[in-house]
Amino acid sequence: MWDVYEHRDVVRRLPRIPVEVLRRYEKWKDIVTISGPEGLRQIKGFHDEALRGEWKGYRSSRLGQQYRVIYKIENQQLYVQVINVTAHDYRRK
């Protein structure tokens, strides 16, 4: 079993996200708790991937068309730290 820790900013943000995304996030946590990040890679809909650039070392999973959960695996142990659940910004800068 894996432990999922949520950053305090994530806890504050969760009540403001759409209900369907919140349900998918709860399902995401269930999968991670039971089978870890390997379980996420088994489900294509989450499109779990490693991030690059300034986010190197973090991973991202889709929670819908727009929303992503950003997380980090600490010390290759049974610990996943959720950094952010946010709407993905598709605009070019």
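**Exercise 1. Decide whether Val82 is buried or exposed in this predicted model, and describe its surroundings.**

Step 1. The relative accessible area of Val82 is 0%, and because the cut-off for a buried residue is under 20%, Val82 counts as buried.

Step 2. Val82 belongs to strand S5, and once its neighbours within four places in sequence are set aside, its contacts include Val4, Tyr5, Glu6, His7 and Val10, together with Tyr25, Trp28, Val69, Ile70 and Tyr71.

Step 3. A C-alpha distance can be added to this picture: Val82 and Lys72 are ten residues apart along the chain, and their C-alpha atoms are separated by 6.6 Å.

**Exercise 2. Work out which elements supply the largest nonpolar core, and which residues have the most contacts inside it.**

Step 1. The chain has two helices and five strands, and from the N terminus on these elements follow the order β-α-α-β-β-β-β.

Step 2. The largest nonpolar core holds 16 residues, and those with the most contacts inside it are Tyr25, Trp28, Leu40, Leu63, Val69, Val82 and Val85. At least two core residues come from each of helix H2 (19-42), strand S4 (67-73) and strand S5 (79-87), while the largest share, six residues, is supplied by H2.

Step 3. As a general background, nonpolar side chains in soluble globular proteins tend to be buried together.

Step 4. Strand S4 can then be examined by itself: five of its seven residues are buried, so S4 is largely enclosed by the rest of the structure.

Step 5. For the chain as a whole, 32% of the 93 residues count as buried, and the accessible surface comes to about 6,600 Å², with 47% of it belonging to carbon and sulfur atoms. Among contacts with a separation of 6 or more, 41% are made by residues 24 or more positions apart.

**Exercise 3. Establish how strand S3 is paired with S4 and with S2, and where Ser60 stands in this arrangement.**

Step 1. S3 and S4 run antiparallel and are joined by four bridges; the two strands form a hairpin with four residues between them. Within this pairing, Ser61 stands opposite Val69 of S4.

Step 2. S3 also pairs with strand S2 (residues 49-50), again in the antiparallel sense, over two bridges, and here Arg59 in S3 is the bridge partner of Ala50.

Step 3. Ser60 lies in S3, which covers residues 59-62, and its relative accessibility of 7% means that Ser60 counts as buried.

Step 4. Beyond its neighbours within four places in sequence, Ser60 is in contact with His47, Asp48, Glu49 and Leu51, and also with Arg68, Val69 and Tyr71.

**Exercise 4. Classify the ring pair of Trp28 and Tyr71 from its geometry, and then treat Trp55 and Tyr58 likewise.**

Step 1. A pair of aromatic rings is described by the distance of the centres and the angle of the planes. The search of the whole structure finds three aromatic pairs.

Step 2. For Trp28 and Tyr71 the ring centres are 5.2 Å apart and the planes stand at 65 degrees, and because an angle over 60 degrees counts as edge-to-face, this pair is edge-to-face.

Step 3. This pair links distant parts of the chain, since Trp28 is in helix H2 and Tyr71 in strand S4, 43 residues apart. Both Trp28 and Tyr71 are buried, and ring pairs join them with Tyr25 into a cluster.

Step 4. Trp55 and Tyr58 also form an edge-to-face pair, with 5.2 Å centre to centre and 80 degrees between the planes. Trp55 counts as partly exposed at 32% relative accessibility, and Tyr58 is partly exposed as well, with a relative accessible area of 21%.

**Exercise 5. Identify which charged side chains lie over the rings of Tyr58 and Phe46, and give the distances to the ring centres.**

Step 1. The charged end of Lys72 sits over the ring of Tyr58, 5.1 Å from the ring centre.

Step 2. Over the face of Phe46 lies Arg24, at 4.6 Å from the ring centre.

Step 3. Taken together with the preceding exercise, Tyr58 has an aromatic partner in Trp55 and a charged group over its ring from Lys72.

Notes
Residues are numbered from 1 along each chain as its sequence is written. This is a predicted model: local features need pLDDT of at least 70, side-chain atom pairs count only at pLDDT 80 or more; totals for chains, interfaces and linings use all residues. Side-chain values use heavy atoms; hydrogens and water are left out. Buried means under 20% relative accessible area, exposed over 50%, partly exposed in between (1.4 Å probe, protein chains only). Contact means heavy atoms within 4.5 Å. Accessible areas come from the Shrake-Rupley method with a 1.4 Å probe; for residues, only the protein chains shown count as cover. A nonpolar core is a set of buried Ala, Val, Leu, Ile, Met, Phe, Trp, Tyr and Cys residues joined through side-chain atoms within 4.5 Å. Two strands pair if DSSP finds at least two bridges between them. Rings of Phe, Tyr and Trp (its six-membered ring) pair if their centres lie within 6.5 Å; planes under 30 degrees apart count as stacked, over 60 as edge-to-face and the rest as tilted. A charge sits over a ring if NZ of Lys or CZ of Arg is within 6 Å of the ring centre and within 35 degrees of the ring normal.
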